[in-house]
Amino acid sequence: MFLAVLDVVIGGLITGGIYALIAVGLSLQYGVGRVLNISHGEFIMIGAFSTYSLYTVFGISPLISLAICGPVLFVIGYLIHRTLFEFLRNKSESIDAFADSSLLASFGLLFIIQNIALIIWKADIRGYSYLDFSANILGAVFVGNRLIALLSAVVISLVFYIFLTRSRLGKAIRAAAEDPVTAQVLGVKIHRVLAICFGLGALMAGLAGVLISMMYEMQPTMGLEYTIIAIIVVVLGGLGSITGSLIGGFILGLIGSIVTYFDAGLSLIAYYIIFILLLLIKPTGIFGK
Amino acid sequence: MLVGNEVLNTCVKLAEGKEVKMRKKRLLTSLSHFSLVFGIASMLLMVGWAMPTQIQAASAKAPDKILFGNPIALSGMDAAGAMMTQIRSYDLWKETVNAQGGIYVKEYGKKIPVEIIRYDDKSDVGTAVKLTEKLLLQDKVHFILPPWGTASHFAIAPVITKYKSPVVAITVSSEKIREMAPKVPYMFIVLNQPREQGQALVDLCVELGIKSAAVIHHTDLHGIECAGAVLPQLVVSGVDVALYKSYPMGAKDLSPLLKKVKAANVDALLVFSYPPGTFLITGQAKAIGLNPKLLYLTVGVAFPSYRDTFSAKTVEGIMGAGTWNPKVSPAAKKWFDRYVKRWGEEPDRWGTAGGYATVQIMQKAIEIAGTLDPVKVRNVIASETFDTVLSPVKFEGQFNPNYPGEVGQWQNGEFEVVDKAKRTAKPIYPKPAWE
């Protein structure tokens, strides 16, 4: 019994760690910047495929790819926001109008990024094996790369949490999430902060992509699946609550794992049932106000 | 007002003058047109007397190109499968045919090059249907090359039947389409179907002396049908099915399920899966040390990328659905080399050669029919035997009963055919330990 519980809990945390990273990224982009970024999953895909190429062509370890893909995607995300979304935001009459137009724009981004990836990597299914040894934790057996992924996810989340609560920029981000207008009045350079948020969102997606590539096969069209999970987690955690998304990710992973233990066929259904129940009972999410 | 009238009058006069000039000019041009047309016509007549009547008719209406319309996924979920199984095969075929000058059409007495008009259906069934109609009605293509996937084939079947346009399909696998077939006589299917594959798998289990098995399947129609076809046959053959479970598409962690399989300690694990599940289960089974004597998974095992992801040593002894390999015939080996040279990737060991076979069949049928008339071409497809890189194909009730293999097994980096009737190598049993 103890073994079964351990199995389910660690298994859930592994999946949850990935979900948390993805969701924090989207939460930064949507919760703070109001960009419901449908192309979020494409940044995950870019992270995954870059890692694949770096590993299979140049022999660069995926763990080092974390340090490469993260910053590169941050810059890409930052530039996309400074050009595309800032333009849309300035043009929009209200913040709701911006949310609508940014949704459509990110749809466009989705197709652009996906098709560029199809040209570069072709449509074939790809994968590689990395650290796929069996690791034994008190009798429960896991794949090495999954435990590394969990560890990485936890470390990244903690670093990010400290950055958010302790650093000046982190405080500016939280202020912008609370109330962008007041934050701007009080001297926060709102456009810069929003672009940084979008960049950080892309960075988180990229890091998640690197970890995902160690565990799953990939194809250029894999992104949307993760975007949907991210949306569920963001709603679960509470819109605009970055901590909520972090914890929400782990909760969803655990729920999935528990349901899979009893009946694997019901695991995805469980996600959507939770999603719908939450919208009906507490639309603001667990940590939302 | 007065000024206005003057201006108007001047305009009218000018216009009349111009009119007279133009009339003269028109007369001149029509005279010269007439003489030109007369000249060409008499030249044609003279040439006509010298030419056999058949060629006369031919050069009159032969199209510049034989147009094949291909609505298929270039983006979206189906793009990976479409690229691997169909698009590269179609394009390689087009290049090969055109390098030889095209397809010989007797009706026109000459070879006509081939062109493929391809649209992205965005992995959407509705779009595939609309594009099929657009290709037939607006682009006036001569034939259709189908989209990717079972659902799209179900969707376009009534359309191609309505317009009487034959389609030879590869990526469709469903027992339901067998029931539907008589109503859609223009659809022909080259791929082997769950029934034959299930039978071959069960026969193999019996031959190898499997006593107990676990059956896992994904919850799409494909998984349900395959598992449903195999389960009763296993039971009838005296195999004890200790575990029968499903998992959803998009599952990210199946280790709890696999640990149950491990606990059940069965001889065989039979998994009816799509590529994401196939890759996930292989990796996780290895990690938790689940190593049944026979491990069979469905779609994806035959992909070279499956072998390359896990390494040839890791996948040694794993069985999967398929199958075709370069060893099935000398023609197959030649085509395999040509394919690798052209695309820099190996074809998969299941449908890619079949994809190429579908267009070879279209080509041969046009040549035999000697016409681009779709109904006549359809009748040839239905009745003739076709030599292809896959194997000889002769349709029985719109299905190809002679796929070169049903069950494959990775042995030394090649996906060998191991089912009892068609094997290219003896099955390795029990599966070696994970490396």
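Author: A salt bridge is a side-chain nitrogen of Lys or Arg within 4 Å of a carboxyl oxygen of Asp or Glu. By that rule, six salt bridges join chain B and chain A. This is a predicted model, where local features need pLDDT of at least 70 and side-chain atom pairs need pLDDT 80 or more, while totals for chains, interfaces and linings use all residues. Residues are numbered from 1 along each chain as its sequence is written, chains are lettered from A and ligands numbered from 1 in the order in which they are written, and side-chain values use heavy atoms, without hydrogens and water.

Reader: Why is the pair A:Glu225 and B:Lys252 called a salt bridge?

Author: Check the distance. The closest N and O atoms of A:Glu225 and B:Lys252 are 2.8 Å apart. That is within 4 Å, so the pair counts.

Reader: Which elements of chain B make up its side of the interface with chain A?

Author: Five elements (DSSP runs, at least four residues for helices, H or I, and at least two for strands, E, numbered from the N terminus) give two or more residues each: helix H3 (79-99), strand E9 (240-247), helix H9 (255-264), helix H10 (275-287) and helix H11 (304-310) of chain B. H10(B) gives the most, with eight residues. By type, the side of chain B has 21 nonpolar (Ala, Val, Leu, Ile, Met, Phe, Trp, Tyr, Cys, Pro), eight charged (Asp, Glu, Lys, Arg) and eight polar residues (the others, Gly among them).

Reader: How many residues take part, and how much area is buried between the chains?

Author: Contact means heavy atoms within 4.5 Å. Chain B gives 37 residues to it and chain A gives 35. The buried area (accessible area, 1.4 Å probe, lost on putting the two parts together, summed over both) is about 2900 Å², with 54% from carbon and sulfur atoms.

Reader: What makes B:Ser165 buried or exposed?

Author: Buried means under 20% relative accessible area, exposed over 50%, partly exposed in between (1.4 Å probe, protein chains only). B:Ser165 has 2%, so it is buried. B:Ser165 is in the loop between helix H5 (150-162) and strand E6 (167-169) of chain B. Among the residues it touches are B:Leu136, B:Phe143, B:Tyr186 and B:Pro374.

Reader: How many salt bridges are there in the whole structure, and what does B:Arg178 pair with?

Author: The search finds 27 over all chains. B:Arg178 pairs with B:Glu175 at 3.0 Å. These two lie three residues apart in helix H6 (residues 175-180) of chain B, about one turn of the helix. B:Arg178 also pairs with B:Glu196, at 3.1 Å. B:Glu196 is in helix H7 (residues 194-208) of chain B, so this pair ties together parts that are 18 residues apart in sequence.

Reader: Why does B:Glu175 get one burial label and B:Glu196 another?

Author: Set each value against the cut-offs. B:Glu175 has 15% relative accessibility, so it counts as buried. B:Glu196 has 27%, so it counts as partly exposed.

Reader: What makes B:Glu416 and B:Lys327 a link between distant parts of the chain?

Author: Their closest N and O atoms are 2.5 Å apart, and they form a salt bridge. B:Glu416 is in strand E16 (residues 414-417) of chain B, while B:Lys327 is in the loop between strand E12 (319-321) and helix H13 (330-343) of chain B, 89 residues away. B:Glu416 has 5% relative accessibility, so it is buried.

Reader: Why is B:Leu269 called buried, and where does it lie?

Author: Its relative accessibility is 0%, so it counts as buried. B:Leu269 lies in strand E10 (residues 268-272) of chain B. Its C-alpha atom is 5.1 Å from that of B:Leu295, 26 residues along the chain. Its contacts include B:Ala214, B:Ile216, B:Val261 and B:Tyr296.

Reader: How do you know that B:Ser273 and B:Thr278 make a polar contact?

Author: A polar contact is a pair of N or O atoms within 3.5 Å; within protein, one must be able to donate a hydrogen and the other to accept it, and residues adjacent in sequence count only through side-chain atoms on both sides. The side chains of B:Ser273 and B:Thr278 come to 2.8 Å, so the distance fits. B:Ser273 sits in the loop between E10 and H10 of chain B. At 0% relative accessibility, B:Ser273 is buried.

Key: Lists of a residue's contacts leave out its neighbours within four places in sequence.
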